[in-house]
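Student: Could you walk me through the helix packing here, in one go? I'd like a close look at which helices meet and what lines their contacts.

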Amino acid sequence: MAGIEISSSQKLLFPNSPFPSSSQTRRGKVVSRVLMNPVSLPNLCNRGFVEELEIRSKSYTLISTTNTLLETQNNNLSRPNTKSPHSDHHQVIIAELYAIMEAVADRVEMHKNIGEQRDNWNHLLLNSINAMTLTAATMSGLAAAISSTGGAGAPPPMVALKLSSILLYVAAAGLSVLMNKIQPSQLAEEQRNAARLFKQLHGQIQTTISLGKADINGVNEAMDKVLALDKAYPLPLLGAMLEKFPSKVEPARWWPQQEKRKAQGRKTEENNSNGWNRKLEEEMRQVLGVLEKKDVAGYIKLGSIALKLNKVLAISGPLLTSLGALGSLFIGTSNHSSWPVMMGVMAGAMATVVNSMEHGGQVGMVFEMYRSNAGFFKLVEESIMSNINEKDVERRENGEILEMKIALQLGRSLSELNHLAAASSTRHDEEIEEFASKLF
């Protein structure tokens, strides 16, 4: 009979067995590869039954032990690592930031939808008021024409036209007062700004998570920013609407008040430390001076002009409409007086022009835009001040990154920003002609 050829690895696995059984061959694939030639049944007559059982028992024990070790190793590899308390706390912070992101994304959609609604208010109310005013003026003219051609007494058509004109004038005056009070164009601009700023905050939170810098301070800061934006741009009209005709124009503020830190650390040195040096710090101070003297002051001045113009128009519109109603009331009372018809027709025409200038030209929106621009530059100012006032440079934002951000926010390159700072330092207290920003 032909014998069995066994490799050296198989001899180590089965030292006392002339051949492996079918189950041994199947399990031995985990430990080694067995190369076998075609075999015939061996002669086992010289071995006793008890010896054969001992050999098979030893072989099964070796294979079972090997498989147990392999299974243990595989379980260890597939089993997830035990989380530490620090890891659990980090996951909670990430979950909180994602919850804030969901709330911010919802606010973006709310402010966007409400902004579109209030922009529609502006167009619909303006068209309705102008249509009523022009119709009332036309009826006043027709009533005056009928009155001049009629005899003694007031003809019924004249009375109907006269009363209709008065009613339309009164209704137009009431709607005009309401529209001037809420300023729909300004409301729409507020909601557009809120949607843009909430979208910006959403991106900032995403960046924080992506960079792996999420901590409890980041969560608190994001919450403060959300609440500050809610306060700066409220959604409801009653009780929470911003004052549309303030006594003093101030920059819009949509960011939380920054705490003044008093850190005792090392001061800025000549060499770079966290991206800061004496030259960069002086450059930031010069840019800060330009922002305060030119950009913020300039937009506050423009906002004051827009506010004064809006006040004049807001008073003139309802006043002229009321005069038109008064002129229509006295049409037909005197055959030799032309002032009622002049007032009834011309006041209505002038009221239409005033309303179109105020709400068609969206003067309220222009005022809000100037106020928002001044607030933007105020935010840039506070960002610079909070860094240069911090004595410990390690607690500041990286100087090179801050310089790049300021340059981008002002629409300048780094070289142009350096040139602006150099020009400001040479002029000292002289009037600076150039604005810091090239965007607005």
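Tutor: UniProt positions follow the numbering used here, with shortened feature names, and annotations may be inferred rather than shown by experiment. The model is predicted: local features need pLDDT of at least 70 and side-chain atom pairs 80 or more, while totals for chains, interfaces and linings use all residues. Residues count from 1 along each chain as written, and side-chain values use heavy atoms, without hydrogens or water.

The unreviewed UniProt entry lists residues 124–146, 158–178, 312–331 and 337–355 under "transmembrane region". Residues 124–146 are 100% helix and 0% strand (DSSP runs numbered from the N terminus: H or I of at least four residues, E of at least two), with the end C-alpha atoms 33 Å apart. For residues 312–331 the ends sit 29 Å apart, and the span is 90% helix and 0% strand.

Before the packing, a word on confidence. Mean pLDDT (the predictor's confidence in each residue, 0 to 100) is 81 for the chain, and 75% of its residues reach 70 or more. Among the chain's elements, helix H6 (residues 184–210) has the highest mean, 95, and helix H1 (residues 8–13) the lowest, 44. Residues 1–47 stay under 50, and the model gives them 45 contacts (heavy atoms within 4.5 Å) beyond four places in sequence. Residues 262–266 also stay under 50, with 11 such contacts.

Now the pairs, starting with H5 (residues 156–182) and H9 (residues 339–360). Their axes (lines fitted to C-alpha atoms over the stretch in contact, with N-to-C angles from 0 to 180 degrees) come within 12 Å and cross at roughly 20 degrees. H5 and H9 are therefore roughly parallel (under 35 degrees; over 145 is roughly antiparallel, 65 to 115 roughly perpendicular, the rest oblique). H5 passes H9 in a left-handed crossing (near helix turned anticlockwise from the far one by less than a right angle). Tyr169, Ser176, Met179 and Asn180 of H5 touch Gly344, Gly348, Asn355, Glu358 and His359 of H9. That gives two nonpolar, six polar and one charged (Ala, Val, Leu, Ile, Met, Phe, Trp, Tyr, Cys and Pro are nonpolar; Asp, Glu, Lys and Arg charged; others, with Gly, polar).

H11 (residues 399–409) takes part in two of these packings. H8 (residues 278–329) and H11 have axes that come within 11 Å and cross at roughly 25 degrees, so H8 runs roughly parallel to H11. This crossing, too, is left-handed. From H8, Leu280, Glu283, Met284 and Val287 meet Gly399, Glu400, Glu403 and Ile406 of H11; the residues split into four nonpolar, one polar and three charged.

H11 also packs on H12 (residues 414–427), at about 90 degrees and with axes 9 Å apart, so H11 is roughly perpendicular to H12. Glu403, Met404, Ile406 and Ala407 of H11 touch Leu414, Leu417 and Asn418 of H12, a set of five nonpolar, one polar and one charged. Glu403 and Ile406 show up in the H8 contact and in the H12 contact.
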